[in-house]
Amino acid sequence: LLNRVQNIDKGVELDCHSVEFDDVRYHIQVATRYPQFMQLSMSLPTPPPETVFFGGLPFGAIEAVKATYGLIAQILDPPKDGYNLTMKLNFAKLPLDEDEQYDLLIKVASLREVVLGAPLRVVLKHLASRTVAPDIDQLVALVHRPKESFFLVPKDNKVTVVFPMRFKDSVDTVLATSFLQEFVGSKGSASLNNAPPCFWSPSPPPELEGAPSQALSANAGFFTFVISARHVEGRKLDRTVWSLLTFHAYVSYHVKGSRLKCISRAPKEGKKSGKHAKGASSENREDD
């Protein structure tokens, strides 16, 4: 984006597709004739039945987009076919100050957080003021992966966030379960005293009472964070929203890392076993 803004006058045509976290798709288009404009389309993960979308978007998303991007973004209605949101960005209206310009471009690159995080941000903003958002359910389901949701239980003094953890591969399931249990254990360290309390359980926690049965199938258990007002004060709000939105991706990253480590160790262990076997065989021949 920064390169595009810095070279607007060159008028280079752009038409590309990209994917973020394997679940959000983007289509970016710039015409040679109008290099100051960029059309950005976004396709969200398919929502499960228990989540609520308005006009193809999570509640609060339109308001969040308008508040975040202001004059540089025009929401096109209807969006491009196959996408949930299409925006027309006018780079000619970017702030003249370089720092402000850079900050706004970072926000454009964070569109996933702005849109998918909109309902989460609404709930956590109310928590910061120790209130509960009006007309909100006692149990809120938010989409975060294709046909998968995580849950919020909002109260005026805390918001309980529960992730049903699912993995397709049996090895990944075992590694994820182990990692999540170790993650809970690490919270006892002094450096993490200010982090939100967290819990892992193999079965649905009481907070998910009333959730549809299809949303409670989790082969790697259920992970819970308890967010209080001090975790969302000031700039902490953005960090907390991002951390919760990307929690499954964070666990997946560590699972893949553990799997690669196991694979890289296998040849070494095989060589060691071979040497031991060869040595034992030689000893047996000498005994004979």
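# Exercises on a predicted model

The buried residues of helix H2 pack against strands S5 (57-58), S6 and S7, and against helices H3 (98-109), H4 (111-116) and H5 (118-128). The model behind these exercises is predicted.

## Exercise 1. Helix H2

Task: Find which residues of H2 (residues 61-69) are buried, and determine how they are arranged around the axis.

Solution.
1. Ala61, Ala64, Val65 and Tyr69 are the buried residues to consider in H2.
2. Viewed down the axis of H2, the buried residues fall within an arc of 100 degrees, so they line one face of the helix.
3. An α-helix has 3.6 residues a turn, so residues three or four places apart point the same way.
4. Glu63, Lys66 and Ala67 lie on the other side of H2, where they are exposed.
5. Just after the helix, Gly70 has a positive phi of about 55 degrees.

## Exercise 2. Strand S7

Task: State how far strand S7 (residues 85-90) is enclosed, and identify the strands S3 and S6 as its partners with their sense of pairing.

Solution.
1. Of the 6 residues of S7, 5 are buried, so the strand is largely enclosed by the rest of the structure.
2. Strand S3 (residues 37-43) runs antiparallel to S7 and is joined to it by 6 bridges.
3. Within S7, Leu85 stands opposite Met42.
4. Strand S6 (residues 73-75) also pairs with S7 in the antiparallel sense, over 3 bridges.
5. Here Met87 in S7 is the bridge partner of Ile75.

## Exercise 3. Charges over rings

Task: For Arg25 and Lys88, name the ring under the charged end and give the distance to its centre.

Solution.
1. Arg25 has its charged end over the ring of Tyr83, 5.0 Å from the ring centre.
2. For Lys88, the ring is that of Phe37, and the charged end sits 4.4 Å from its centre.

## Exercise 4. An aromatic pair and its cluster

Task: Classify the geometry of the aromatic pair Phe183 and Phe225, and place both residues in the chain.

Solution.
1. The whole structure contains 15 aromatic pairs.
2. In the pair of Phe183 and Phe225, the centres are 6.4 Å apart and the planes make an angle of 85 degrees.
3. Planes over 60 degrees apart count as edge-to-face, and the pair is therefore edge-to-face.
4. Phe183 belongs to helix H6 (residues 170-186) and Phe225 to strand S12 (residues 222-227); with these positions 42 residues apart, the pair links distant parts of the chain.
5. Phe183 is buried at a relative accessible area of 14%, and Phe225 is buried at 8%.
6. Both residues belong to one aromatic cluster, formed by Phe150, Phe163, Phe179, Phe183, Phe223, Phe225, Phe247 and Tyr250.

## Exercise 5. Thr224 and the cysteines

Task: Decide whether Thr224 is buried or exposed, list the residues that Thr224 touches, and give the number of disulfides in the structure.

Solution.
1. Thr224 is found in strand S12.
2. Its relative accessible area is 6%; buried means under 20%, so Thr224 is buried.
3. Leaving aside residues up to four places away in sequence, Thr224 touches Thr160, Val161, Val162, Pro197, Cys198, Phe199 and Pro205.
4. Cys198, one of these contacts, is buried at 6% relative accessibility.
5. Cys16 is partly exposed, with a relative accessible area of 28%.
6. A disulfide is a covalent bond between the sulfur atoms of two cysteines.
7. The number of disulfides in the structure is 0.

Definitions and conventions. Residues are numbered from 1 along each chain as its sequence is written. This is a predicted model: local features need pLDDT of at least 70, side-chain atom pairs count only at pLDDT 80 or more; totals for chains, interfaces and linings use all residues. Side-chain values use heavy atoms; hydrogens and water are left out. A disulfide is a pair of cysteine sulfur atoms within 2.5 Å. Buried means under 20% relative accessible area, exposed over 50%, partly exposed in between (1.4 Å probe, protein chains only). Rings of Phe, Tyr and Trp (its six-membered ring) pair if their centres lie within 6.5 Å; planes under 30 degrees apart count as stacked, over 60 as edge-to-face and the rest as tilted. Helices (H or I, at least four residues) and strands (E, at least two) are DSSP runs, numbered from the N terminus. A charge sits over a ring if NZ of Lys or CZ of Arg is within 6 Å of the ring centre and within 35 degrees of the ring normal. Two strands pair if DSSP finds at least two bridges between them. The arc is that of the directions from the helix axis to the C-beta atoms. Contact means heavy atoms within 4.5 Å.
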